Amino acid sequence: MRAQLPLRLARTAAFAAVCGALAALAHVLGGGSAPAPATAALGFCGVAALGLALGGRERSAGTINLMLVGAQLGLHELFAGEGAAYVSVHGHAQGGLAVNAGMLLTHLTATVITGLWLSRGEAALWSLLRRLGRRLTPLAPVSVPVPRPYAAIVHTRVVPLQPGFRHSVARRGPPLPA
């Protein structure tokens, strides 16, 4: 089943909002400062572009988590690169990817929480859409193929008689009146 544009946009907005909000929260809890609104909006747009590109069909939990790891890494780098004063407080080296254990742990926790939440929501959404599709199918005008009559297929099997039954007489039924 493929998602049409309105559904894709709704799924993309949910993905970007959850991913961006949890990334910002994890970044603050990991020892960084809160991202500026413009930086958070830029991160939301980047994650939304990723979600829109990959949101055309149902995704597995593994695929969602792989996307989230990349998104969290990108959001971390975006939030960490806000200024020189931030670098000294945050503990980042100028190389960019040097993170401390607390920051890594909080971003991975945000990834796991987001992945579980979104994969469960994804499964529930597609299950609901499949059920609605089955219910609405009888209402839609569909050309029904006319069934062709088939000849009945009869399978018979000839069983050879046992030697003891070959010369016996079988009389069945009630006795005749005297």
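In this predicted model, Gln72 is a buried residue, with a relative accessible area of 3%. Since residues count as buried under 20% relative accessible area, Gln72 falls within that class. Gln72 belongs to helix 3, which covers residues 61-80. When neighbours within four places in sequence are set aside, the residues in contact with Gln72 are Cys19, Ala23, His107, Ala110 and Thr111. Two of these partners, His107 and Ala110, reappear among the residues of helix 5 that meet helix 1, and Cys19 and Ala23 belong to the helix 1 side of that contact. His107, Ala110 and Thr111 are themselves buried in helix 5.

The wider setting of this residue is a protein chain with five helices and zero strands. Along the sequence, the order of elements reads α-α-α-α-α. Of the 178 residues in the protein chain, 27% are buried. Among contacts between residues at least 6 apart in sequence, 84% link residues at least 24 apart.

Two packed helices are described by the angle between their axes and the distance between the axes. Helix 1 (residues 5-29) and helix 5 (residues 101-136) have axes that come within 9 Å and cross at roughly 160 degrees. Helix 1 is therefore roughly antiparallel to helix 5, because angles over 145 degrees count as such. Their crossing is right-handed. On the side of helix 1, the contact is formed by Leu7, Arg11, Phe15, Val18, Cys19, Leu22, Ala23, Ala26, His27 and Leu29. Helix 5 contributes Met103, Thr106, His107, Ala110, Ile113, Thr114, Trp117, Leu118, Glu122, Leu125, Trp126 and Leu129. By class, the residues of this contact comprise 16 nonpolar, four polar and two charged.

Helix 5 itself has 36 residues and extends 52 Å from its first C-alpha to its last, close to the 52 Å expected at 1.5 Å a residue. Its buried residues are Met103, Thr106, His107, Ala110, Thr111, Thr114, Gly115, Leu118, Ser119, Glu122 and Trp126.

A second pairing joins helix 2 (residues 37-54) to helix 3, the helix that holds Gln72. Here the axes lie 10 Å apart and the packing angle is about 160 degrees, so helix 2 and helix 3 are roughly antiparallel to each other. The crossing of helix 2 and helix 3 is right-handed. In this contact, Thr39, Ala40, Leu42, Gly43, Val47, Leu50 and Leu54 of helix 2 meet Met67, Ala71, Leu75, Leu78 and Phe79 of helix 3. These residues divide into 10 nonpolar and two polar, with no charged residues.

The span of helix 2 agrees with expectation, because its 18 residues should cover 26 Å at 1.5 Å a residue and its end C-alpha atoms are 26 Å apart. Within helix 2, Thr39, Gly43, Val47, Ala48 and Gly51 are buried. The elements that cover these buried residues include helix 1 and helix 3.

The description ends with a residue from the start of the chain. Arg2 is located in the segment before helix 1 and counts as exposed, at 58% relative accessibility. Leaving out residues up to four places away in sequence, Arg2 touches Gly56, Arg57 and Trp126. The last of these, Trp126, is a buried residue of helix 5 and also takes part in the contact with helix 1. Arg2 and Gly55 are 53 residues apart along the chain, and their C-alpha atoms are separated by 9.1 Å.

Note on methods: Residues numbered from 1 in each chain as written. Predicted model: local features only at pLDDT ≥ 70, side-chain atom pairs only at ≥ 80, totals over all residues. Heavy atoms only, no water. Helix = DSSP H or I, 4+ residues; strand = E, 2+ residues; numbered from the N terminus. Buried < 20%, exposed > 50% of the residue type's maximum accessible area, 1.4 Å probe, protein only. Contact = heavy atoms within 4.5 Å. Axes fitted to C-alpha atoms, helices over the stretch in contact; angles between N-to-C directions. Parallel < 35°, antiparallel > 145°, perpendicular 65-115°, else oblique. Left-handed = near helix turned anticlockwise from the far one by under 90°. Nonpolar A, V, L, I, M, F, W, Y, C, P; charged D, E, K, R; others polar. Expected span 1.5 Å × (residues − 1).
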